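I opened this notebook to keep track of what I looked up, one entry at a time, for someone meeting the structure for the first time.

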Amino acid sequence: MFREDAYLKTASACVLAVHERGIELDRTIFYPLGGGQQGDTGVFFRESGERIAIGDTRKGDAIDSVLHVPLPGMPRPEPGEMVTLEIDWERRYSLMRLHTALHVMSCVVVAPVTGGNISPDKARLDFDIDMSLLDAGKIERETNQLIARGVATETVWIADEELDARPELVKTMSVQPPRGAGRVRLLRIPGIDLQPCGGTHVKNIAEIGGIRVLKIRSEGKRNKRVEIALAA
Ligand SMILES: [Zn+2]
């Protein structure tokens, strides 16, 4: 459900199975760790009102399966039981703002992306670029200028073959878009960025507000790391 609407904070779902690694539902608003974005945290409410705190969300073995990992000591629901889901929205919204900010920043630093990570308080991209070409002040200023355009983001789907024909769309060497479903999801920020991405994004880049560059450092020959935080 997070793919259709990243702003869903609550929903009801049915417990399909309770695995060693986590709880599987028939549908979910919890984003599982992937593409550098941390998995969601939150709560399940049972019909009795009992709370099951969820400390992490991971992908399961099957395509599109999601495992909700309860905190230690939490009660386990029964298969077939209905639960009300609630994500930690403040945390997720920070992840969405930072994630979308990385899309914008990836258009300011023109180089192949070799890695990335998004946590609620900071995010980073690694670039295959010479250190001398990375200027924190310039990256911050130009990224914030683009954010100030306040354009709406769009999700578009293209066929696998179309993506194969346009390899320039894939900036992130370490995270190849998921194949096999016949189509690939892309995030478009009109006039700024277009790239395959399965993560959660804000509707309008104005919601990012602005960013600060925290640090730039070398993590190896092909990994020059730019770390950012939200300006406010
Ligand atoms: Zn994305």
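**Hairpin, sheet and pocket**

I began with the hairpin of β10 and β11, where three residues lie between the strands and Gly191 takes a positive phi near 80 degrees. I keep in mind throughout that this is a predicted model.

Next I looked up how the two strands of the hairpin are joined, and found that β10, residues 183-189, runs antiparallel to β11 with four bridges between them. Among the partners, Ile189 is bridged to Asp193 of β11, and Leu187 is bridged to Gln195 of β11.

I then asked which sheet the hairpin belongs to, and noted an open sheet of three strands in the order β9-β10-β11, paired antiparallel. Its edge strands are β9 (154-159) and β11 (193-196), each of which pairs on one side only. Neighbouring strands of this sheet are turned against each other by 30 degrees on average, direction ignored.

What lies across β10 and β11? I found helix α1, residues 89-105, which runs at about 80 degrees to β10.

My last entry concerns the second largest pocket, which holds about 170 Å³ of space. I counted on the computed lining of 16 residues, of which Arg3, Ala6, Thr155, Arg185 and His201 lie nearest the centre of the pocket. The elements that give two or more residues to this lining are β9 and β10, both of which I had already met as strands of the open sheet. By kind, the lining residues divide into five nonpolar, five polar and six charged.

Conventions. Residues are numbered from 1 along each chain as its sequence is written. This is a predicted model: local features need pLDDT of at least 70, side-chain atom pairs count only at pLDDT 80 or more; totals for chains, interfaces and linings use all residues. Side-chain values use heavy atoms; hydrogens and water are left out. Two strands pair if DSSP finds at least two bridges between them. Axes are lines fitted to C-alpha atoms, for helices over the stretch in contact, and angles run from 0 to 180 degrees between N-to-C directions. Contact means heavy atoms within 4.5 Å. On a 1 Å grid over the protein atoms alone, a cavity is a set of points where a 1.4 Å probe fits but cannot get out, and a pocket is an open set with protein on both sides within 12 Å along at least five of seven lines; lining residues have an atom within 4 Å of a point. Grid points are joined across faces, edges and corners, and a volume is the space filled by probe spheres set on the points. Ala, Val, Leu, Ile, Met, Phe, Trp, Tyr, Cys and Pro count as nonpolar, Asp, Glu, Lys and Arg as charged, and the others, Gly among them, as polar.
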